[in-house]
Amino acid sequence: MKNLLAALAALAAASLLNARQPAAIKLNSPDKTRGASVMQALAGRHSTREFSERALSLQDLSDLLWAANGVNRPDGRRTAPTAANKQDIDLYAILPDAAYLYDAKEHALTPVAAGDFRPLVAGAQKFALQAPLHLVMVSDFSRFGAAGDQLKRLWSALDAGIVSQNIALFCSGCGLATIPRTTMQSDKLKEALKLTGDQVPILNNIVGYPRQAAAAAAARQAGNFHDFKVRDINGDDFDLAALKGKKVLVVNVASKCGLTRQYTQLQELYKKYGPDKFAIVGFPANNFGRQEPGTNAEIKEFCSTHYSVTFPMMSKISVKGDDIHPLYAWLTQAAVNGKQDAPVTWNFQKFLIDENGNWAGVVPPKTPPDSEIITGWIEGR
Ligand SMILES: Cc1cc2nc3c(=O)[nH]c(=O)nc-3n(C[C@H](O)[C@H](O)[C@H](O)COP(=O)(O)O)c2cc1C
């Protein structure tokens, strides 16, 4: 029995180790036809310090690495030139699950170490932690042979800078966000990446999708209201497809607003017309006057104690700006909802959605929930 338990424990430990061991990533062939023109990419290049946390697609990751420092000729030379063609720059891709080395010849990512090493690249710059990918340019001084130290330092900096600019131009031309940085915890990073004494981290680029663009892209993929999945106020999944066949009023709520009293009319409206043919969905948001500062638990307690709310309440989200939730990107942008630009102007703006999930209208924050424009729409007048 003891032996069996020991064997089981060893097996569990082994499978845990295996589970932790990241696998190599075979990259897609680079799509050399994509992207804006070189002049447009140059015109749009800029550093970004706000990123969506959405992971890069495999194609974007593959194309980015190839653009940065891939092999572009049969003789093995690269997209980035290097002093005396010493090819001293190794590109490390730090993803949330592990650190990888870019193998340009195989166009693949080889795992180096499991774990999230982005904090070592971020250093004191917390914004960097949002980005799903950190690329670290490491120069291997041993490849410069007998050159003097001063020359090695100069060459490595120049070579890394060129790779960094390849990254920047790819990102600009293909709708990604990036920033070059010398900030990083070099010593800890050297340890984490298992570098030799000759290998020096020179520069990094953190890369991701721009925040708002990510929400709009997700919204475009969704198509209509019923395609979104959100989280309710308890943190559980809430599939908006469950509201198919009902008219829906979507409202961004706040607990400390002059309009907070609208909860009373919203609840009355829901009692009168819901829940079979009509629903209200409330999204707490702290975007206006910081009037929804509490946690989901506090908000839930507030609206049930003070207003006996029974209509579905969702988790707190952002309804505007760079961190806008994809549903609100859809609700507020004509380019995605196909109907109208309707930015949220304050707490308690109401959006009307028809039975088929189409955008049907917007009602300003100050217009009461029981006004004719809303009741008439619900009753089909
Ligand atoms: C070599 C180099 C190192 C940089 N290091 C950092 C850094 O550690 N942190 C940071 O926030 N920005 C860093 N930057 C970004 C610059 O601040 C940025 O490029 C500059 O403000 C110009 O803005 P632009 O890139 O939008 O033209 C670095 C840029 C370069 C070229």
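The following paragraphs describe the domain division, the ligand shell, a helix pair and two backbone features of a predicted model.

The chain separates into two domains, with domain 1 covering residues 21-209 and domain 2 covering residues 213-379. A distance of 41 Å lies between the C-alpha centres of domain 1 and domain 2.

The shell around the ligand consists of His 46, Ser 47, Gln 125, Ile 179, Pro 180, Arg 181, Thr 182, Thr 183 and Leu 203. Strand E6, which spans residues 177-181, supplies the largest share of this shell, namely three residues. In terms of residue class, the shell around the ligand comprises five polar residues, three nonpolar residues and one charged residue.

A helix pair was examined next. Helix H3 (residues 58-69) and helix H5 (residues 149-174) have axes that come within 7 Å of each other and cross at roughly 140°. Helix H3 is therefore oblique to helix H5, since angles count as roughly antiparallel only when over 145 degrees. The crossing in which H3 passes H5 is right-handed. On the H3 side, the contact is formed by Asp 63, Leu 64, Ala 67, Ala 68 and Asn 69. These residues meet Val 163, Asn 166, Ile 167, Phe 170 and Cys 174 of H5. Seven nonpolar residues enter the contact of H3 with H5, together with two polar residues and one charged residue.

Two features of the backbone were found in loops that border strand E11. The peptide bond leading from Gly 274 to Pro 275 adopts the cis form, and its omega is near -5°. Pro 275 is placed in the loop that runs between helix H8 (262-273) and strand E11 (278-284). The second feature concerns Arg 290, a residue other than glycine whose phi is positive, with a value near 50°. Arg 290 lies in the loop between E11 and helix H9 (296-307).

Methods. Residues numbered from 1 in each chain as written. Predicted model: local features only at pLDDT ≥ 70, side-chain atom pairs only at ≥ 80, totals over all residues. Near = placed C-beta within 6 Å. Helix = DSSP H or I, 4+ residues; strand = E, 2+ residues; numbered from the N terminus. Nonpolar A, V, L, I, M, F, W, Y, C, P; charged D, E, K, R; others polar. Domains from an automatic or database assignment. Axes fitted to C-alpha atoms, helices over the stretch in contact; angles between N-to-C directions. Parallel < 35°, antiparallel > 145°, perpendicular 65-115°, else oblique. Left-handed = near helix turned anticlockwise from the far one by under 90°. Contact = placed C-beta atoms within 7 Å.
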